[in-house]
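Here's a quick walk through a model, in question-and-answer form. Have a look at it first, then read on.

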Amino acid sequence: MVNINATLIAQILNFLVLVFVLAKFVYKPVLGIMEERKNKIASDLETAEKAKNDAEAVKAEYAAKLADARQEAQAIIENARKTAQAAHDKIMADTKVEQEQYVAAQKEIIATEKKKAMDEVRAQVISLSMIAAGKIVEQKLNSEEDKKMASKIVDSIMK
């Protein structure tokens, strides 16, 4: 059988008093502290999750703005390229027109100079022909009719 002695009863009473004291003064405050800690951890987790979501939203917004900025930069570059090409084309067209005008003017100058030279040659040929004809017939031809006749002869020769 089990011997129940005073020591065992004292130990049981001490244990019960200790459980009562712990329950009354330690267990409730420890549970309260643990509950507060649990609530603080839950609140911190919720705050961290909110901060994470906010950071992801800011990151997504930044990425969208960056994509828009890149697209805008591409549009600006393309616009500048088109403007430069248009300016190049205009300059080339203007230069070609100026070149054609210059060539046409030079051709006119050449034609005028050629005509002058031909007229001078013609006049000299007529003059030399008159002198030669005059010497041949031993008289000098000075009349307008003689000059017209020599002019017709030169024209027929030059054609």
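**Salt bridges, helices and overall shape**

Q: Is Asp44 buried, partly exposed or exposed?
A: Buried means under 20% relative accessible area, exposed means over 50%, and partly exposed lies in between (1.4 Å probe, protein chains only). Asp44 has a relative accessible area of 41%, so this residue is partly exposed.

Before going further: this is a predicted model, where local features need pLDDT of at least 70, side-chain atom pairs count only at pLDDT 80 or more, and totals for chains, interfaces and linings use all residues. Residues are numbered from 1 along each chain as its sequence is written, and side-chain values use heavy atoms, with hydrogens and water left out.

Q: Which residue forms a salt bridge with Asp44?
A: A salt bridge here is a side-chain nitrogen of Lys or Arg within 4 Å of a carboxyl oxygen of Asp or Glu. The partner sits in helix α1 along with Asp44, 4 residues apart, about one turn of the helix. The closest N and O atoms are 3.2 Å apart, and the partner is Lys40.

Q: How many residues apart are Lys65 and Glu61?
A: Their side chains meet in a salt bridge (3.2 Å, N to O). Lys65 is exposed at 52% relative accessible area, while Glu61 is partly exposed at 44%. Both belong to helix α1, and they are separated by about one helical turn because they are 4 residues apart.

Q: Which residue pairs with Glu78 in a salt bridge?
A: Glu78 counts as partly exposed, at 33% relative accessibility, and its partner counts as exposed at 51%. The two lie 3 residues apart in helix α1, about one turn of the helix. With the closest N and O atoms 3.2 Å apart, the partner is Arg81.

Q: How many salt bridges does the structure hold?
A: Among them are Lys40 with Asp44, Lys65 with Glu61 and Glu78 with Arg81. The total is 6.

Q: How many helices does the protein chain have?
A: Helices (H or I, at least four residues) and strands (E, at least two) are DSSP runs, numbered from the N terminus. Helix α1 takes in residues 6–137, and helix α2 takes in residues 144–158. There are 0 strands, and the helix count is 2.

Q: What span should helix α2 have?
A: The expected span is 1.5 Å times one less than the number of residues. Helix α2 has 15 residues, and its end C-alpha atoms agree with the expected value, which is 21 Å.

Q: What arc do the buried residues of α2 cover?
A: The buried ones are Asp146, Ala150, Ser151 and Val154. They are on the same side of α2, because the arc around the axis is only 135°. On the other side, Glu144, Glu145, Lys148, Lys152 and Ser156 are exposed. The arc is that of the directions from the helix axis to the C-beta atoms, and its value is 135°.

Q: What radius of gyration does the protein chain have?
A: The radius is taken over C-alpha atoms, and the globule rule is 2.2 Å times the number of residues to the power 0.38. The C-alpha atoms fill a box of roughly 190 × 25 × 15 Å, taken along the principal axes. A compact globule of 159 residues would come out near 15 Å, but this chain has 61 Å.
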